[in-house]
Number of protein chains: 4
Amino acid sequence: MARKADKGVVRGDPSRTRALILSAALKEFSENGLGGARIEAIAGNAGVNKQALYYHFGSKEKLYQATLEYGYESLRILDKEAISGTSGPAERMRALVGYFFDTMAGNRPVVWLVSEENRLRGRNLPLSPRIRDFTANFVSLIREIYDEGVEQKIFRPGIDSEQLWITIVSVSYLYFGNIYTLSYIINKNLDDPKMLKARRDHIVDIVLLGIERR
Amino acid sequence: MARKADKGVVRGDPSRTRALILSAALKEFSENGLGGARIEAIAGNAGVNKQALYYHFGSKEKLYQATLEYGYESLRILDKEAISGTSGPAERMRALVGYFFDTMAGNRPVVWLVSEENRLRGRNLPLSPRIRDFTANFVSLIREIYDEGVEQKIFRPGIDSEQLWITIVSVSYLYFGNIYTLSYIINKNLDDPKMLKARRDHIVDIVLLGIERR
Amino acid sequence: MARKADKGVVRGDPSRTRALILSAALKEFSENGLGGARIEAIAGNAGVNKQALYYHFGSKEKLYQATLEYGYESLRILDKEAISGTSGPAERMRALVGYFFDTMAGNRPVVWLVSEENRLRGRNLPLSPRIRDFTANFVSLIREIYDEGVEQKIFRPGIDSEQLWITIVSVSYLYFGNIYTLSYIINKNLDDPKMLKARRDHIVDIVLLGIERR
Amino acid sequence: MARKADKGVVRGDPSRTRALILSAALKEFSENGLGGARIEAIAGNAGVNKQALYYHFGSKEKLYQATLEYGYESLRILDKEAISGTSGPAERMRALVGYFFDTMAGNRPVVWLVSEENRLRGRNLPLSPRIRDFTANFVSLIREIYDEGVEQKIFRPGIDSEQLWITIVSVSYLYFGNIYTLSYIINKNLDDPKMLKARRDHIVDIVLLGIERR
DNA sequence: TATGAATGAGTCTTCATTCAT
DNA sequence: GATGAATGAAGACTCATTCAT
């Protein structure tokens, strides 16, 4: 119970210490990449000693791997409840596309962390098998809804659901991942609430119209 | 005329030296980011002395800026000839979407470099005013074609052409930028020629159906 | 108790480590100046790791500042005991002039370090407020003795005690600071004990005769 | 006659080029020392190409030696005319002390250059035999005047004229060489015209009273 | 002579990691 | 588990010097 002033560390609560470190690491790795991240900065922001990172995670690279898993986990894309209360494939698909957009909007650091992992050619992914679990369900869910829509003659058939998944991911993900270059080119602040709403509406429309039967 | 074996440097041809450095820098920065890139690696791959980078570009950061500009320039997205020989807005739009996909496919390093610049919050963009020139024309071209299509009652009205531009960029760009994580999640190699073709066809369809009138 | 052979570092005694570094730095900076000093040489002579200098002092420039303060402190010009046991202003002034000469003779590195600081236009002095404390007392002491001598009609009045201080400092300081050029010009080794004694006698005489009433 | 705009170099006038380089070198070496001086800075300030320094002087060290000689030469301490028009040893000695002060006041860079040479332990002096010529006469002149004064029973006998020379040099030289540290300690700007005059008066008095017979 | 370009040997500094308490 | 101190390897950058025209 002895709590240090100004610090969030509680002696004798290692899981809390781990959480503090992971949270700080997510920020640092996402902003600076694996190579650019500073162990000292992570320790400082987590309110722990540098050595604590080594005690709990072993090395910078292992901490990065744990952070990547932590990042994917925090997305909770698999949360089916997100689209509960909707009826019909079209409405569900709309909800899903919008939900993914909102998820990305609320987890910018993860967006950059995933970009970093791609630059590392995905070499850390196989080391965290849970990552596939966290994400694969989203693909299944899209397939489910799409198939249902095709059956009900609402969606046109012949679309590969994995392609559709990539498209749904793309139209939200890239917006946030490349928000600075996109904003610069058209000289508008894409982070403005109005722009965010416009984007959300646009992608829901485009995806739905792109797959609907006519 | 005296050319060193294995090296690309020719005494007295500084513009060639600069080009060699920029080419090597594009590869290094795109693979490792600004912080992770190694000056020594760039110099080695360019076949020049480490100090030459400082003589010609001043610092690592300035070289990065020059490389970013060089990368955008090499995309040549503005090349209108790409869609010459096409007739009608629909066909032109199809050609444009496909052309952008092909451009990304052929310029992977630039894709990563742009991701890196976003992680740096776009701080280097204002330093290279030419970058906007290289890219803004692409936005205009999309608007032109779209407006023409609306006029001809081929495309549905009410779509913001900048949103459309972002979408067109997204569905191609993210595929290459996140190819490793996407491949891992669905356990398929997205770099396979068949997959590339499938993706190209998919995005052309989705975009067109998403904007066409019905 | 585990002490490394040849090295002066004792684990767990950081103040000793700092002292070792400062001592080595005084030698190196005084002989080579700020720009010419080598971090590696200081670390080597102190028997510590190069990085230890950065851990304890932050940068070369900050180490230089700490060294400057350390140098002034080691002069201990303020030590009033130096002239204890003397009676009368004349005798005290003689003792003081001689004492300052001896101090300079025994602290050559500090003499050069102060020259270096002058070439740097004194830019580091304001950063170490203690330096003024170390030196200002000497000025006061001279004024005290001088005033006493004037009161007792031993010294002639009208001399500015700060000018007198500069003169006392000059006739000793420059001898050591410029000992190489002076020796060369008159082709004599001014570091010879006989020459040192001659100089000491000369300056005591000159200063006293220069201020005595007649 | 072809003169480059903005530059002081005249094609085909090597002695002028040498002079420009030496002048710039005096400034640079005096402000930054041998190690701290930058070849590029000297070339830039002289308005010549870096390579010109090598053409004319061979190396940085040799340029430093030439600059040292140039510096001593420019003092022209040997100029007897400085004290022409004076009558009697006392007046001549006063004139001489004041003249040396004025010389130092007007040649600050040389003062620092000589300090630098002392830090280099005078290793470059033997390489420039003319330096002794430039300075030795000043010692002789002091001896002459002093001996004359002793003969005329104006000065007290028994003073070593070389010691007297060092003292005369000291009370002026140190004032300028250490002007920053001295100013800081007493918190006054010693470069102020009033202070300069006060110092000049003080040293003339002190030296004369210090050697006069009573 | 003059100059832009090129080079290799350093030099400061950073950083992940480990040690000892 | 936690901490201050210590370390070795490496990286960005500088600089005197030289080459080729």
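How many residues does the contact take from chain D and from chain C? This tour reaches that contact after chain A, the contact of chains A and B, and a helix pair in chain B.

The structure is a predicted model, in which local features need pLDDT of at least 70, side-chain atom pairs count only at pLDDT 80 or more, and totals for chains, interfaces and linings use all residues. Residues are numbered from 1 along each chain as its sequence is written, while chains are lettered from A and ligands numbered from 1 in the order in which they are written.

**Select chain A.** The chain contains 10 helices and zero strands; helices (H or I, at least four residues) and strands (E, at least two) are DSSP runs numbered from the N terminus. Its pattern along the sequence is α-α-α-α-α-α-α-α-α-α. The C-alpha trace of chain A spans about 65 × 40 × 35 Å along its principal axes.

**Add chain B.** Here 46 residues of chain A are in contact with 46 residues of chain B, contact being defined as C-beta atoms, placed from the backbone, within 7 Å. On the chain A side, at least two residues each come from helix 1 (14–36), helix 6 (108–119), helix 7 (130–151), helix 8 (161–177), helix 9 (179–186) and helix 10 (193–211). Helix 8 of chain A gives the most, with 11 residues. By class, this side of chain A has 21 nonpolar, 16 polar and nine charged residues. In this classification Ala, Val, Leu, Ile, Met, Phe, Trp, Tyr, Cys and Pro count as nonpolar, Asp, Glu, Lys and Arg as charged, and the others, Gly among them, as polar.

Now superpose the two chains. A turn of 180 degrees and a shift of 0.0 Å along the axis lay chain A on chain B with an RMSD of 0.1 Å; the fit is by least squares on the C-alpha atoms of residues with pLDDT of at least 70 in both. This is the relation of a two-fold axis. To locate the axis, select G210(A), whose C-alpha is the nearest to it in chain A, at 2.0 Å. The same surface serves both copies, since 100% of the contact residues of chain A recur in chain B.

**Stay in chain B and select residues 60–75 and 130–151.** The axes of helix 4 and helix 7 of chain B come within 9 Å and cross at roughly 25 degrees. These axes are lines fitted to C-alpha atoms over the stretch in contact, and angles run from 0 to 180 degrees between N-to-C directions. Helix 4 of chain B is therefore roughly parallel to helix 7 of chain B, a label for angles under 35 degrees. Display E69(B), Y72(B), E73(B) and L75(B) of helix 4 with R130(B), I131(B), F134(B) and T135(B) of helix 7, which make the contact.

**Select chains C and D.** The contact takes 46 residues from chain D and 46 residues from chain C. Helix 8 of chain D gives the most to the chain D side, with 11 residues. That side divides into 21 nonpolar, 16 polar and nine charged residues. By contrast, chain B and chain C do not touch, and their nearest C-alpha atoms are 21 Å apart. No contact joins chain A and chain D, whose closest C-alpha atoms lie 33 Å apart.

**Finish with DNA strand E.** The strand is surrounded by 40 residues, the closest being N49(B), Q51(B), K60(C), N49(D) and Q51(D); a residue is near the strand if its C-beta atom, placed from the backbone, lies within 6 Å of it. Helix 3 of chain D gives the most to this surface, with four residues.

Methods: Two residues are in contact if their C-beta atoms, placed from the backbone, lie within 7 Å. Angles under 35 degrees count as roughly parallel, over 145 as roughly antiparallel, 65 to 115 as roughly perpendicular and the rest as oblique.
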